[in-house]
Amino acid sequence: MTDGDRELFARCAGGFEQVLGQELRALRMRRVRPQVGGAIFFGTLADAYRACLWLRAATRVQLVLARVPATDADALHQGVAALPWERHVPPGATIAVDAHGENPNLRNTRFVALKVKDAICDRLRAVRGTRPDVDARNPDLSVNVAVHPKKATVYLNLSGPSLHRRGYRQDGAQTEAPLKETLAASVLLAAGWPDIARAGGCLADPMCGSGTLAIEAAMIAANVAPGLLRARWGFEGWSCHDRALWDEVRGEAQGRRVQAADIRVVAGDADPRAVEIARANARRAGVADLMRLHVGDAADLARHLRFLQARGDAGGLMVANPPYGRRLLSDADLPGVNAALSAAVEALPAGWRVAVITPDTGVDTALGRIPEQVIACHNGPIETWVRLYRTDSAPRLTHEVVSLAGRRQQVSVSEPNSAQFAARLRKVAKERVRWARRAATSCFRVYDADLPDYALSVDLYVGVAASEGDRYAVVREHRRPRSVDAQRAARRFADAVALVSATLDVPAGQVLAHQWQEGGDPSSGRGGRRAAPVPLCVGEGGLTLTIDLAGRPDTGLPLGQRGVRELVGSLAPGTRFANLTATSGAASVYAAAAGAASTVSVDAFPDRVDWVRTIMAANSFSGSRHRFVSVDLRSWLERELRAHHAYDLILCVPPAWMPARAPGEGDWELRRDHVALLGKAARLLAPGGRLVFACERRELRVDVAALEALGLCVEDVSDRTLPHDFERSAAAHRCHVIRWGDRARPRS
Ligand SMILES: C[S@@+](CC[C@H](N)C(=O)[O-])C[C@H]1O[C@@H](n2cnc3c(N)ncnc32)[C@H](O)[C@@H]1O
């Protein structure tokens, strides 16, 4: 690695990729390219050491070893075993492998990690005669694998344990809900703290908890490398580690600390214990001399900033990570917290900036300010926002909202047009609520890109049975054309989320917002990361179904296919029903409830099959009449045809793409291959049987002529199965009922 640049990848929290890119450029790394969840860059071994030691937003620094085929487990094993592991793993060293990502043939990350570990061990045994031991907790060398649709990237973890472990936090002595050090640093970088600090400005955190933001800010102001206190690094167990070079990089960093001339950080908390912990952490971080800590209410912040008057105006940044809803306080306490924050902001010296980390969009209204920038991110499992304001910023823009329940509320918005969005949302939602009552459904779409500037959908979920009284909304931003100003779109999206909460009477923490991200999978929420499950009981068509609002790629109840489920229910009495692709598993419940003689639910993903099993059991549909099969759809069809099984009703909602099952087979694509698949499914139909084919793809043209040439009759029932609340998405909705024509059904 000393002989030139190598490809490296630094990971960071989603939403801070650009911040990380700026850090890498400031460290003079080459060919820096931010990507979803991190940034690619190129550098020498010394650069890699510098990245590990100096990056504040990164959680991990990895060396890219190779990209290998990953169409299935064998291809992965072969690709990994072909890599020269003997050059990286010293004799006697222990290893660990972790994996993330999935594709339809490699769905289980533990299985992938095991396969890769086996491949490394096989390679080393062949070359050296011995296999390395595995130590999952404390390995000498750790390997990471990212699985993509066709390939996997194999990395060496150079940084080792997550970089948020700076080494200044004492185990055991914790306040509630501390921020990760890397997230705190990312927020400070995004808020422009390095420039403010260089200009001699001050930072204030009036709700400092264990002091993470304050300590990270002090470290930035004093140019302290964030990794200096860390005891362990991933590269220490690597054959190519150059100890002398590392000592040089560390020594250089130690010499760059700026000695404190005055106080740069003021931090306080209402809880004396939190302040004690913050003080101890600051001492361990070696920055206590730059900080002034106090016990007190945030509303009194001005008192603690008085000493700045003697210093002249150098500007400043107030940061706050207030307690909120589901983690620290009940929603009922939010007004008190917001009032204290507002008092703190009102008393700040002129020209200060403010950054608030909270999932509560109501904070704009409380501060009476429009955020200049809004960043969507995760704080642990919680989806939250970083809202950046200037105290001398645009005037207060408030909009009065009357909610569906008649509550009046003032909501701060950034964009004047957001008032139009609010009016439209309320009008459509009122009509939908009345319609949904008649249709006996408790979850439905209330807004569907009705205004071009607000290209997003809003689905309202009202809990029933065990979830009675709960209300959630899911807001999904549509693909954003490049021509749209990203900042403006982000402000509109943030406005929309706040207005959805106020208009639909959904608590702020229960609006699940999925902002579209360049390069991210739009169906998978922010940054494509899995969020903690949000289970909810909802009602539809007289049935009670449990859904997971955070589920990917859908909640388990695709609302746009409600009409397809109803059709299945109407055709199901007395039938042997097969539900292919159980993402739409609720259709199995519809069929069983309508009196199907038997059901089988098939899906390639075991977790989806488990989900259908669970909702079926919750509706008392279990036992041998109801089967659940986790297998590739194509393989299931072939197996059933060979076994001469027959079904009276089949629902097929295939995915857009399926990978090759075996080398040389080729992948499967909906547009190209739907006729062949439907032909096979139709051969499973018993005399008089029906195949319901549905999908939600604007670009698909169902090849009716080719299906008819097979002897099938195809009836387009798209209009009939389009739910009222999805009429604006009619162009994407397809549903056909397929059956054999008068000609005899071919024998399988
Ligand atoms: C989410 S925690 C902050 C965590 C902190 N960022 C960390 O990394 O440890 C919120 C803190 O706000 C404090 N707090 C709540 N209301 C307050 C108020 N009115 N004034 C000052 N502190 C308050 C709580 O005591 C708690 O420590």
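With 748 residues, the protein would be expected to have a radius of gyration near 27 Å if it formed a compact globule, and the value of 29 Å found in this predicted model agrees with that. Along the principal axes, its C-alpha atoms fill a box of roughly 95 × 75 × 45 Å. The secondary structure comprises 21 helices and 31 strands, and 48% of the 748 residues count as buried. Among contacts with a separation of 6 or more, 71% are between residues 24 or more positions apart.

**Surroundings of the ligand**

- The ligand is surrounded by 22 residues, of which Pro 178, Met 207, Gly 209, Ser 210 and Thr 212 come nearest.
- Two elements, helix H7 (212-221) and helix H11 (334-346), each give two or more residues to this shell.
- By residue class, the shell around the ligand divides into 14 nonpolar, 5 polar and 3 charged residues.

**The open sheet E17-E18-E19-E20**

- In this sheet, 4 strands are arranged in the order E17-E18-E19-E20, and the sheet is open, with mixed pairing.
- Strand E17 (443-448) and strand E20 (511-514) each have a single partner strand and stand at the edges, so one side of each is left without a neighbour in the sheet.
- From one strand to the next, the twist averages 15°.
- E17 runs antiparallel to strand E18 (residues 456-462), to which 5 bridges join it, and within this pair Phe 444 stands opposite Leu 460 in E18.
- Helix H13 (residues 418-439) packs on the sheet through E17 and E18, which it touches, and the direction of H13 makes about 155° with that of E17.
- Helix H14 (residues 486-504) also packs on the sheet, where it touches E17, E18, strand E19 (471-477) and E20, and the direction of H14 makes about 155° with that of E19.

**Strand E11 and its partners**

- Strand E11 (residues 316-320) is mostly covered, as 5 of its 5 residues are buried.
- The side chains of E11 alternate in direction, with Gly 316, Met 318 and Ala 320 pointing one way and Leu 317 and Val 319 the other way, and all of these residues are buried.
- Strand E8 (residues 202-205) runs parallel to E11 and is joined to it by 3 bridges, with Cys 202 standing opposite Gly 316 in E11.
- Strand E12 (residues 353-358) pairs with E11 over 4 bridges, likewise in the parallel sense, and here Met 318 stands opposite Val 354 in E12.

Conventions
Residues are numbered from 1 along each chain as its sequence is written. This is a predicted model: local features need pLDDT of at least 70, side-chain atom pairs count only at pLDDT 80 or more; totals for chains, interfaces and linings use all residues. A residue is near a molecule or strand if its C-beta atom, placed from the backbone, lies within 6 Å of it. Ala, Val, Leu, Ile, Met, Phe, Trp, Tyr, Cys and Pro count as nonpolar, Asp, Glu, Lys and Arg as charged, and the others, Gly among them, as polar. The radius of gyration is taken over C-alpha atoms; the globule rule is 2.2 Å times the number of residues to the power 0.38. A residue is buried if 20 or more other C-beta atoms lie within 10 Å of its own, exposed if 12 or fewer, and partly exposed in between; C-beta atoms are placed from the backbone. Two residues are in contact if their C-beta atoms, placed from the backbone, lie within 7 Å. Two strands pair if DSSP finds at least two bridges between them. Axes are lines fitted to C-alpha atoms, for helices over the stretch in contact, and angles run from 0 to 180 degrees between N-to-C directions.
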